[in-house]
Protein chains: 2
Amino acid sequence: MRREDSEIVRELPLFRGVELENFRTLIAAGYVQRFPTGTVLIHEGERPDFLHVLVDGQIAFFASHNDREATVSILTPPAAFILAAVIVDGPYLKSARTLSSSTVVLIPAGAVREVFERDTGFARATVAELACRYRTIVKELKNVRLRSSSERLANWILTQASQSGGCGTFRLPFEKRALASRLGMRPENLSRALAELAEAGVTVDGPMIRVGDAAKLIAFSKPNPLIDDPTS
Amino acid sequence: MRREDSEIVRELPLFRGVELENFRTLIAAGYVQRFPTGTVLIHEGERPDFLHVLVDGQIAFFASHNDREATVSILTPPAAFILAAVIVDGPYLKSARTLSSSTVVLIPAGAVREVFERDTGFARATVAELACRYRTIVKELKNVRLRSSSERLANWILTQASQSGGCGTFRLPFEKRALASRLGMRPENLSRALAELAEAGVTVDGPMIRVGDAAKLIAFSKPNPLIDDPTS
DNA sequence: CGTGCCATTGACCATTATCAAACGACGTGG
DNA sequence: CCACGTCGTTTGATAATGGTCAATGGCACG
């Protein structure tokens, strides 16, 4: 593993509190892999062999049933994933697919569980990580149940715009079809919803989104920190 | 606190591994309260003062936004709740209301965090609890996104029937309106969906549900352990 | 310079929500 | 003991939301 990659892992909140020796054990057991766009890294229902850390790229988590497919979340680096499955040693509940070419650090599940047993710093960080993940999904469930699809879109644009720095313009981080699935809608509906948001001052040019009138978009979106604030 | 109540708490997976001395600290700091039906115990957005343990009764967790209200989950005793909020010391993401008169053990959040810091057994149990909770919500999100409302109902009836012992008849554990909200539908729709399930051999008499033909209901429901199995 | 995929648009359909009304169980007060 | 009101449930009619199907245009890539 390149020093560069292990540094990224070390800097994650999940690993920052691990004792150096234990961290080295984990890194020594792990390795790095690079996957092209569209690779399915993990399959719903299988058993977790590795804790994964996304170092670069983008990964979508999705689940299938009844000939339908739903994106549960999209992960941006750096971040660990499938921690819960590794901890409880239960089957993956979601599949994962790269949305762009991605590099992933793989740490054997057994090593993770061992270090978890003897390193209280790691245990604490695991708790914090899981608690945050849990809260994130609760927010997502609220998002789905309490808002229409255009409202979800409007709020997604708002948070995206605010994360992309002051100017009201940003580039979609992935294809519109991926965004549609992430927001629980069809691509056709996303198109229509984007067109509808012109009334709220949002203009679209290919992958570029421009928030022309933030106040108007906020009025339409009715953002709620208990749904949209990733830090709360 | 009655010995009876503290025993129930002690037997929970979350507390079973806590060192006896630490457990006594928690219990000494806590107290029991009984609430009538319909009491709102906690309010979305407020700060967590206590870790709660439901000892008897039933509690619905719900969130409000845009004049809408959505039930996120319904808890049956014995179980701890709002653990994640206590751990990260963040605002409640959901409100909680008793569906029947309920007794709850309240343990001050500070005491929980203190014991959490020095008791590795508790830390480990917390991790397990959070990981399971996380996975439960992921399943719920899949349930909402991958199934129609009648499918959700059919699968709910299936698991309920299997948990209520061999005979295919059971009593709804709460009002139909609460069930409707739990399943993400309106009471009117629940009525219609129940009527529709007659084709799958389900008969309804007030609060009594009878699964006349399990095979037929299974064929309709298409149950999926990665959504419906609470243990996986 | 095709070929394929994504995005968009329009027409139509399915699902679910909303509104309204009526029924029945239940409890209260005359 | 009965009249009445309340509330949960059911049923019907209608509207809104989102999904499906089909056709088209644009763009990248071979």
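Start by selecting DNA strand C. Around this strand sit 14 residues, and the closest are K176(A), S191(A), S149(B), N189(B) and R192(B). A residue counts as near a strand if one of its heavy atoms lies within 4 Å of it. You are looking at a predicted model, in which local features need pLDDT of at least 70 and side-chain atom pairs count only at pLDDT 80 or more, while totals for chains, interfaces and linings use all residues. To find your way, residues are numbered from 1 along each chain as its sequence is written, chains are lettered from A and ligands numbered from 1 in the order in which they are written, and side-chain values use heavy atoms, with hydrogens and water left out.

**Stop 1: along DNA strand C**

Colour the strand by sugar, phosphate and base. Of its atoms within 4 Å of the protein, 61% belong to sugar or phosphate, and the rest to bases.

Now look for polar contacts, meaning pairs of N or O atoms within 3.5 Å; within protein, one must be able to donate a hydrogen and the other to accept it, and residues adjacent in sequence count only if both atoms are side-chain atoms. Select K176(A): one of its polar backbone atoms is 2.7 Å from a phosphate oxygen of DNA strand C. Next, pick S149(B), where a backbone N or O atom lies 2.8 Å from a phosphate oxygen of this strand. Then move to R186(B), whose side chain places a polar atom 3.0 Å from a phosphate oxygen of DNA strand C.

Switch to the cartoon view. At least two residues of the surface near DNA strand C come from each of α8 (176-182) and α9 of chain A and α9 of chain B. Helices (H or I, at least four residues) and strands (E, at least two) are DSSP runs, numbered from the N terminus.

How do the residues of this surface divide into nonpolar, polar and charged? There are one nonpolar, five polar and eight charged residues near DNA strand C. Here Ala, Val, Leu, Ile, Met, Phe, Trp, Tyr, Cys and Pro count as nonpolar, Asp, Glu, Lys and Arg as charged, and the others, Gly among them, as polar.

**Stop 2: across to DNA strand D**

Select DNA strand D, which 14 residues surround; S149(A), N189(A), R192(A), K176(B) and S191(B) are the closest. Sugar and phosphate make up 62% of the atoms of DNA strand D that come within 4 Å of the protein.

Zoom in on S191(B): an N or O atom in its side chain is 2.5 Å from a phosphate oxygen of DNA strand D. At R177(B), a polar backbone atom is 3.0 Å from a phosphate oxygen of this strand.

**Stop 3: the two protein chains**

Show chains A and B together. A rotation of 180° with 0.0 Å of shift along its axis superposes chain A on chain B, with an RMSD of 0.0 Å. The two copies are thus related as by a two-fold rotation axis. Copies are superposed by least squares on the C-alpha atoms of residues with pLDDT of at least 70 in both.

**Stop 4: strands to finish**

In chain A, find the open sheet of three strands, ordered β7-β9-β8 with antiparallel pairing. Two strands pair if DSSP finds at least two bridges between them. β7 (169-171) and β8 (202-205) of chain A are the edge strands, each pairing on one side only. Select T169(A) and you will find R210(A) of β9(A) opposite.

Finally, go to chain B, where β3 (residues 50-65) and β4 (residues 68-75) pair in the antiparallel sense over seven bridges. H65(B) has R68(B) in β4(B) as its bridge partner. Two residues lie between the strands of this hairpin, and N66(B) takes a positive phi near 60°.
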